[in-house]
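Please consider the protein shown here from its overall make-up down to single residues. The account moves from the whole chain to its interior and then to selected positions.

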Amino acid sequence: MEKRVLIYAPTGQDAMLASKVLTLAKVDNLVTATAAQLAAEMALGVGAVLTVEEALANGAALKMLGEAVQRQPSWSDIPIVLLTNRGPDSLSVRQAISVLGNVTLLERPVRTLTLITSLQSVLRAREKQYQVRETDRRKDEFLASLGHELRNPLAPIRTSMGVLTHMYPDQAPVKKVSEVVERQVTHLTRLVDDLLDVARINSGKIALQRDYTTFGAIMDHVTELCSGPAAARRIKIELALPAEEVVLHADYARVVQIVSNIVSNAVKFTPVEGRISVRALVECGAIKIYIKDTGIGLDPAAVERIFAMFEQSRPPSGQITSGLGIGLSLSRQFAEMHGGSVHARSEGLGKGSEFVVTLPVVTEARPTQAPQPGQAIGKVDHRPKVLVVDDNRDAADSLQALFEMENCNVATAYDGYGAVAAVDAAMPDMIVMDLGMPSMDGYEAARRIRCKPGSQDVLMIALTGWGQSDARQRTIEAGFDHHLIKPVNFDEIKRLASGQLSRAPVLRRVV
């Protein structure tokens, strides 16, 4: 269907004659009787549209066709072949060119050979667009797979360092090495997350997880993320935030990402002992965040270009700084998904830059209080039974060691069948299970475990390198209570587990 030519010429014999000619030339085609039918068929797949000047003259058909063109994805530029009597001298033709964009004009009378070769030419160009789409699809799949594979080794690295820290809490060399490893794992994890966000945005798989939160909580998190790198460069971050509580109905993690990406970028391009100011105020139902630095500044031509994906700004030395060049692009796209915006301005090279983030504000609602971390695993009255399941033995064994240090009775399994067998042998209080395992994956293992008597009281946590919203939905449907992305901080597992392992009621299906 994607290679067919849709013909729209509701009056006269043009549609019938064109269809006959194209059929003889073995060009797939379909005649549409109305503009509504044309738009519906375009949504199903189209190689090109063949129409006539008089079909668009009343304006309604042109509007409907223009809306269909506007809805096409970014890789697509549907070719429109328009038969005309007066060429660009016609008002309706000029309007069609303005609204539809990719228009090829053929003046009547049109020779059969001219019509066929013109349509074959635009169909070849359309085929190139499909190749771009396929390349983008494969790139997104590659980025998602790369992120998953990178997360797998990050998990045992982090948990192994946690084991060493627990074993030698007073050893300064161990503490120093542990801090280095933690910083590097955190940095690499953030790069992986950015790559996956690019893939999800391009494939339309990102959905905001909105809830009520405060701007103050967001800025506390941003400060935590950015203060370390700023201190390392002796850069001072000055905050001037609203004194009153500002409530947002937003995706907390994404808003933190919006602001922290920009502040981190300012740290990267501000010289040692420079200054960054973050000023925020509420105006006209929105909060405006002004992030200004004393850094290298921007050339006027680069002000919009820096928001392009994978675009790297070059300092005056010409060297490329570290990073992937996607942080600012993600900030703008996440802001726009919230109904806000991100803009940049600079007086020129060497004169610093200022970024302005605008986000809608909710003033009449109040955020719910976040649950406080409960009792630590090791503080319960009896040894809780934990089952760790992961086909990556290093990841499973290192996580087992951490649980044992928290005075847990830990069993391990290295595939889904082993997990089901371990539950048959002894019902645990908690299961921490990887999803992407051979033979029987974590989804199927969880479903089988949930069918067993007494399993409804078991806390089940999914660990995975896949963070897409569809993966989260599948974990809920399989019976998991929580979905955590590798590499996971063990303290987060402890926080989620504390209520269950101290025999407190469990809040079901929280992700």
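The paragraphs below treat the overall architecture, the nonpolar cores, the cysteines and two buried residues in turn.

The coordinates are those of a predicted model. The protein comprises 511 residues, of which 47% count as buried. Its secondary structure consists of 15 helices and 17 strands. Among contacts between residues at least 6 apart in sequence, 72% join residues at least 24 apart. The exposed surface amounts to about 25,400 Å², and carbon and sulfur atoms supply 54% of that area.

The interior may be considered next. In soluble globular proteins, nonpolar side chains tend to be buried together. In this model the largest nonpolar core has 40 residues. Val222, Leu248, Ile287, Ile289, Ile291 and Ile306 are the members with the most contacts inside this core. Helix H8, which spans residues 252-268, contributes eight residues, the largest share of the core. A second core, separate from the largest one, contains 39 residues, including Val5, Ala55, Leu83 and Val93.

Leucine 248 illustrates the surroundings of a residue in the largest core. When residues up to four places away in sequence are not counted, leucine 248 touches Asp211, Tyr212, Thr213 and Ile218, among others. Its contacts also include Val255 and Ile287, together with Pro360, Val361 and Val362.

Helix H8 also holds serine 260. This serine counts as buried because its relative accessibility is 2%, under the 20% limit. What does the side chain of serine 260 reach at 2.7 Å? At that distance lies the backbone oxygen of valine 256.

The cysteines present a contrast in exposure. Cysteine 284 has a relative accessibility of 87% and therefore counts as exposed, the threshold being over 50%. Cysteine 408, with a relative accessible area of 0%, is buried. A disulfide is a covalent bond between the sulfur atoms of two cysteines. A search of the whole structure finds zero disulfides.

A final position is glycine 416, found in helix H12, which covers residues 416-425. Glycine 416 has a relative accessible area of 0% and is therefore buried. Which residues are in contact with glycine 416, leaving aside its neighbours within four places in sequence? They are Met437, Met440 and Ala445. For alanine 445, the separation along the chain from glycine 416 is 29 residues, while the C-alpha atoms of the two residues are separated by 5.1 Å.

Technical notes. Residues numbered from 1 in each chain as written. Predicted model: local features only at pLDDT ≥ 70, side-chain atom pairs only at ≥ 80, totals over all residues. Heavy atoms only, no water. Core = buried A, V, L, I, M, F, W, Y, C linked by side-chain atoms within 4.5 Å. Buried < 20%, exposed > 50% of the residue type's maximum accessible area, 1.4 Å probe, protein only. Helix = DSSP H or I, 4+ residues; strand = E, 2+ residues; numbered from the N terminus. Contact = heavy atoms within 4.5 Å. Disulfide = S-S within 2.5 Å. Areas by Shrake-Rupley, 256 points an atom, 1.4 Å probe, with all protein chains shown as cover. Polar contact = N/O pair within 3.5 Å; in protein donor to acceptor, adjacent residues only side chain to side chain.
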